[in-house]
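Biologist: I keep running into labels that sound settled until someone asks for the rule behind them. Can we go through a few and set each one against its cut-off?

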Amino acid sequence: MECEELARKVAAHSQLITLQSINWRSFDDGFPNLFINNAHDIGGQHVAFLASFSSPAVIFEQLSVIYNLPRLFVASFTLVLPFFPTGSFERMEEEGDVATAFTMARILSNIPISRGGPTSVVIYDIHALQERFYFGDHVLPLFESGIPLLKQRLHQLSDADKIVVAFPDDGAWKRFHKLLDHFPMVICTKVREGDKRIVRLKEGNPTSCHVVIVDDLVQSGGTLIECQKVLFANDAAKVSAYVTHGVFPKRSWERFTQKNNRSEKGFAYFWITDSCPQTVKAVENTAPFEVLSLAGSIADALQI
């Protein structure tokens, strides 16, 4: 499993949490051949499953286990899904579009009820707040945030008194500004010029400050880079970035490394959480990346 390292960190935060192994095997035709070790010991226990839906290929095998665990007469069942992967596909722009965020929410909403009642589903910084209403009444969604980890890290910096928080668009501001309201803020916006969308500074003053761009996730990173250029053009002293979910398909994180960033002014820090285990492994010990672990927050969410 991709998230074994995060699971070990979660268990280390509480003596009440123990790890249970699952054999992830496949038949010759590629379909999963799964086995829950010591399944008879799970009955009557409070059980949690830490999932990582990093690609469509691994979702089915994990759902097979997720649907089975509540049927083992567990006292309660919690699904921890740090990254809700279809979150950015939450709406239809024209007839024929498929809102896969709704599909995934419906699948999770049909997890069997355990002896203790409905399944709790813990998700971090879901892309669109309205997606909480996609879940049915048979599960209890709990929406957490990685922003407290960022705030803790910012207070540890030597230039903590010079921090300004920037948002790449109004959507990010709406999501996070109340969680960061004790920091000065800068808001960028995207305007259309011909066939292109250009990032502009909408409000705020980054001059001589360490500006931290905050968003929920990053894919290619193009918006962050354009936002960085605008901030430096407006005399920011340093620019860093934080996203809860570092998706980075096709190794797009490489464009942020000091080796591949040809600009003299790259990102001072790029903070991500360990919600996407494949990215965490790829960027290990690579500047400017720094991983803020969700383990402590997850352990707190699992306390019964």
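Modeller: Let's start with Asp 125 and Arg 175, whose side chains meet in a salt bridge.

Biologist: What makes Asp 125 and Arg 175 a salt bridge?

Modeller: The term asks for a side-chain nitrogen of Lys or Arg within 4 Å of a carboxyl oxygen of Asp or Glu. Asp 125 and Arg 175 sit at 3.7 Å, N to O, so the pair passes the 4 Å rule. Bear in mind that this is a predicted model, where local features need pLDDT of at least 70 and side-chain atom pairs count only at pLDDT 80 or more, while totals for chains, interfaces and linings use all residues. Residues are numbered from 1 along each chain as its sequence is written, and side-chain values use heavy atoms, with hydrogens and water left out.

Biologist: How many salt bridges does the rule find across the interface of domain 1 and domain 2?

Modeller: Just 1 across that interface, and 7 is the count for the rule overall. Glu 5 and Arg 8 form a salt bridge too, with their closest N and O atoms 2.9 Å apart. Both of those residues lie in helix H1 (residues 4-12), 3 residues apart, about one turn of the helix. Helices here are DSSP runs (H or I, at least four residues), strands are E runs of at least two, and both are numbered from the N terminus.

Biologist: Where do domain 1 and domain 2 run?

Modeller: Domain 1 covers 3-144 and domain 2 covers 147-293; such bounds come from an automatic or database domain assignment. Their centres, taken over C-alpha atoms, are 29 Å apart.

Biologist: How many residues of domain 1 and domain 2 are in contact?

Modeller: 13 residues of domain 1 contact 15 of domain 2, where contact means heavy atoms within 4.5 Å. About 1,100 Å² is buried between the domains, with carbon and sulfur atoms giving 57%. Buried area is the accessible area (1.4 Å probe) that two parts lose on being put together, summed over both. Phe 83, Asp 125 and His 127 supply 48% of what domain 1 buries against domain 2, more than any other three residues.

Biologist: Why is the protein called as compact as a globular protein of its length?

Modeller: Its radius of gyration is 21 Å, close to the 19 Å that the globule rule gives for 304 residues, so the label fits. That radius is taken over C-alpha atoms, and the rule is 2.2 Å times the number of residues to the power 0.38.

Biologist: What makes Pro 288 worth a look?

Modeller: The peptide bond from Ala 287 to Pro 288 is cis, with omega near 5°. Most peptide bonds are trans.
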